[in-house]
Amino acid sequence: MSDDYFWISIPPTLTAACIGTENDDGSVTFLEYGTNTELTGSHDSILDQISDPDRVLTQFPDDLVNSDDISEAAMLYTLRQKFGKDVTYSSIGGILIALNPYKTIPDLYTPEVMEGYIQDILLSS
(Lines give C-alpha, C1' and ligand atoms only; values in the text may rest on other atoms or scores of the structure.)
Protein backbone atom coordinates (compact mmCIF):
# COMPACT_ATOMS: atom_id res chain seq x y z
CA MET A 1 0.00 0.00 0.00
CA SER A 2 1.23 3.46 -0.90
CA ASP A 3 1.22 6.48 1.42
CA ASP A 4 0.47 8.72 -1.57
CA TYR A 5 -3.16 9.77 -1.95
CA PHE A 6 -4.87 10.66 -5.21
CA TRP A 7 -8.19 12.04 -6.36
CA ILE A 8 -9.81 9.16 -8.19
CA SER A 9 -12.92 8.98 -10.32
CA ILE A 10 -14.66 5.64 -10.64
CA PRO A 11 -18.22 6.67 -11.59
CA PRO A 12 -20.30 7.45 -9.69
CA THR A 13 -17.54 7.85 -7.06
CA LEU A 14 -15.16 10.79 -6.78
CA THR A 15 -12.97 10.35 -3.74
CA ALA A 16 -9.50 10.35 -2.23
CA ALA A 17 -7.67 7.03 -2.18
CA CYS A 18 -4.27 5.41 -2.20
CA ILE A 19 -3.16 2.53 -4.39
CA GLY A 20 -3.65 -0.75 -2.55
CA THR A 21 -2.57 -3.27 -5.15
CA GLU A 22 -1.91 -3.42 -8.85
CA ASN A 23 -3.66 -6.53 -10.16
CA ASP A 24 -2.46 -9.01 -12.79
CA ASP A 25 -5.27 -8.01 -15.16
CA GLY A 26 -4.01 -4.39 -15.24
CA SER A 27 -6.66 -3.07 -12.86
CA VAL A 28 -5.83 -1.24 -9.65
CA THR A 29 -7.40 -1.72 -6.24
CA PHE A 30 -7.62 1.62 -4.45
CA LEU A 31 -8.23 2.08 -0.71
CA GLU A 32 -10.53 5.00 0.04
CA TYR A 33 -9.24 7.58 2.51
CA GLY A 34 -10.75 7.20 5.98
CA THR A 35 -12.69 4.00 5.32
CA ASN A 36 -10.19 1.73 3.50
CA THR A 37 -13.09 0.68 1.27
CA GLU A 38 -11.68 -1.12 -1.77
CA LEU A 39 -12.48 0.42 -5.14
CA THR A 40 -11.34 -1.21 -8.38
CA GLY A 41 -10.42 0.91 -11.36
CA SER A 42 -7.52 1.60 -13.66
CA HIS A 43 -4.60 4.01 -13.62
CA ASP A 44 -6.81 6.24 -15.77
CA SER A 45 -9.07 6.63 -12.70
CA ILE A 46 -6.41 8.84 -11.10
CA LEU A 47 -7.14 12.54 -11.60
CA ASP A 48 -4.35 14.14 -9.58
CA GLN A 49 -2.12 13.58 -6.57
CA ILE A 50 -3.06 15.12 -3.23
CA SER A 51 -0.05 17.08 -2.00
CA ASP A 52 -0.80 17.14 1.74
CA PRO A 53 -3.55 14.61 2.56
CA ASP A 54 -3.43 15.30 6.31
CA ARG A 55 -4.56 18.88 5.65
CA VAL A 56 -6.59 18.61 2.45
CA LEU A 57 -8.69 15.65 3.58
CA THR A 58 -9.38 16.76 7.16
CA GLN A 59 -9.60 20.56 7.22
CA PHE A 60 -12.56 22.22 5.55
CA PRO A 61 -12.38 26.03 5.65
CA ASP A 62 -15.54 28.14 5.41
CA ASP A 63 -14.08 29.90 2.37
CA LEU A 64 -12.77 27.30 -0.09
CA VAL A 65 -10.30 29.83 -1.48
CA ASN A 66 -8.32 29.17 1.72
CA SER A 67 -7.99 25.45 0.90
CA ASP A 68 -4.58 23.96 0.18
CA ASP A 69 -6.04 22.22 -2.88
CA ILE A 70 -8.50 24.17 -5.02
CA SER A 71 -8.99 21.56 -7.73
CA GLU A 72 -12.51 20.61 -8.79
CA ALA A 73 -12.15 17.22 -7.09
CA ALA A 74 -11.01 18.81 -3.81
CA MET A 75 -13.89 21.28 -3.83
CA LEU A 76 -16.47 18.56 -4.47
CA TYR A 77 -14.92 16.37 -1.75
CA THR A 78 -14.97 19.25 0.74
CA LEU A 79 -18.58 20.10 -0.05
CA ARG A 80 -19.58 16.44 0.36
CA GLN A 81 -17.85 16.27 3.76
CA LYS A 82 -19.53 19.50 4.89
CA PHE A 83 -22.92 18.24 3.63
CA GLY A 84 -22.47 15.13 5.80
CA LYS A 85 -22.02 17.43 8.82
CA ASP A 86 -25.10 19.55 7.98
CA VAL A 87 -22.98 22.53 6.92
CA THR A 88 -25.15 23.87 4.13
CA TYR A 89 -23.31 27.09 3.30
CA SER A 90 -19.77 27.61 2.05
CA SER A 91 -18.15 30.26 -0.06
CA ILE A 92 -15.53 30.57 -2.74
CA GLY A 93 -14.38 34.15 -2.38
CA GLY A 94 -17.47 36.30 -2.85
CA ILE A 95 -19.59 33.41 -4.19
CA LEU A 96 -21.98 31.68 -1.78
CA ILE A 97 -22.57 27.96 -2.26
CA ALA A 98 -25.79 26.64 -0.73
CA LEU A 99 -26.45 22.90 -0.50
CA ASN A 100 -30.01 21.70 -0.05
CA PRO A 101 -29.95 19.45 3.04
CA TYR A 102 -33.31 17.82 2.13
CA LYS A 103 -34.19 17.92 5.84
CA THR A 104 -34.81 20.39 8.63
CA ILE A 105 -31.66 21.44 10.48
CA PRO A 106 -32.39 22.91 13.93
CA ASP A 107 -30.99 26.40 14.61
CA LEU A 108 -29.91 26.88 11.00
CA TYR A 109 -31.50 30.33 10.75
CA THR A 110 -31.16 31.85 14.20
CA PRO A 111 -30.54 35.61 14.35
CA GLU A 112 -26.98 34.95 15.59
CA VAL A 113 -26.16 32.66 12.65
CA MET A 114 -27.64 35.11 10.15
CA GLU A 115 -25.63 37.97 11.70
CA GLY A 116 -22.45 35.89 11.38
CA TYR A 117 -23.04 35.43 7.66
CA ILE A 118 -23.75 39.13 7.21
CA GLN A 119 -20.52 40.05 9.02
CA ASP A 120 -18.53 37.60 6.85
CA ILE A 121 -19.95 39.20 3.70
CA LEU A 122 -19.19 42.71 4.94
CA LEU A 123 -15.63 41.78 5.88
CA SER A 124 -14.94 40.15 2.52
CA SER A 125 -16.15 43.16 0.51
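1. A16 is buried in this predicted model, because its relative accessibility is 0% and a residue counts as buried when that value is under 20%. A16 belongs to strand 2, which covers residues 13–22.

2. The surroundings of A16 can be listed. Leaving aside residues up to four places away in sequence, A16 touches Y5, F6, W7, L31, E32, Y33, I50, L57 and Y77. For F6, a distance can be given: the C-alpha atoms of A16 and F6 lie 5.5 Å apart, and the two residues are ten apart in sequence.

3. S45 is a second buried residue to look at. Its relative accessible area is 9%, so S45 counts as buried. S45 does not sit in a strand or helix but in the loop between strand 4 (38–41) and strand 5 (46–49). Its contacts, again without residues up to four places away in sequence, are W7, I8, S9, I10 and F30. W7 is thus touched by A16 and also by S45.

4. The backbone has a cis peptide bond, which runs from P11 to P12 and has an omega near 5 degrees. P12 is placed in the loop between strand 1 (5–10) and strand 2.

5. Which residues of the loop between strand 7 and helix 3 deserve a check of phi? Y102 lies in that loop, and D107 is found there too. Phi of Y102 is near 55 degrees, which is positive although the residue is not glycine. Phi of D107 is near 60 degrees, again a positive value in a residue other than glycine.

6. Are Y102 and D107 buried or exposed? The cut-off for exposed is over 50% relative accessible area. Y102 has 71% relative accessibility, so Y102 is exposed. D107 has a relative accessible area of 60%, so D107 is exposed as well.

7. On the chain as a whole, the model has three helices and seven strands. Read from the N terminus, their order is β-β-β-β-β-α-α-β-β-α. Of the contacts with a separation of 6 or more, 37% are between residues 24 or more positions apart.

8. The overall dimensions should be read together. The C-alpha trace spans about 60 × 30 × 20 Å along its principal axes. The radius of gyration of the chain is 17 Å, while a compact globule of 125 residues would have one near 14 Å.

9. Burial and surface are given for the whole chain. Of its 125 residues, 36% are buried. The accessible surface is about 8100 Å², and carbon and sulfur atoms account for 53% of that area.

10. How much space lies in the largest pocket? The volume is about 460 Å³. Its lining is made of 19 residues, and those closest to the centre are S91, L96, Y117, D120 and I121. Strand 6 (89–92), strand 7 (95–98) and helix 3 (111–124) are the elements that each give two or more residues to this lining.

11. Which element gives the most to the lining of the largest pocket? The answer is helix 3, with seven residues. By residue type, the lining of this pocket holds eleven nonpolar, five polar and three charged residues.

How values were computed. Residues numbered from 1 in each chain as written. Predicted model: local features only at pLDDT ≥ 70, side-chain atom pairs only at ≥ 80, totals over all residues. Heavy atoms only, no water. 1 Å grid on protein atoms, 1.4 Å probe; cavity = no way out; pocket = protein on both sides within 12 Å on 5 of 7 lines; lining within 4 Å. Points joined across faces, edges and corners; volume = space filled by probe spheres on them. Helix = DSSP H or I, 4+ residues; strand = E, 2+ residues; numbered from the N terminus. Nonpolar A, V, L, I, M, F, W, Y, C, P; charged D, E, K, R; others polar. Rg over C-alpha atoms; globule rule 2.2 N^0.38 Å. Buried < 20%, exposed > 50% of the residue type's maximum accessible area, 1.4 Å probe, protein only. Contact = heavy atoms within 4.5 Å. Areas by Shrake-Rupley, 256 points an atom, 1.4 Å probe, with all protein chains shown as cover.
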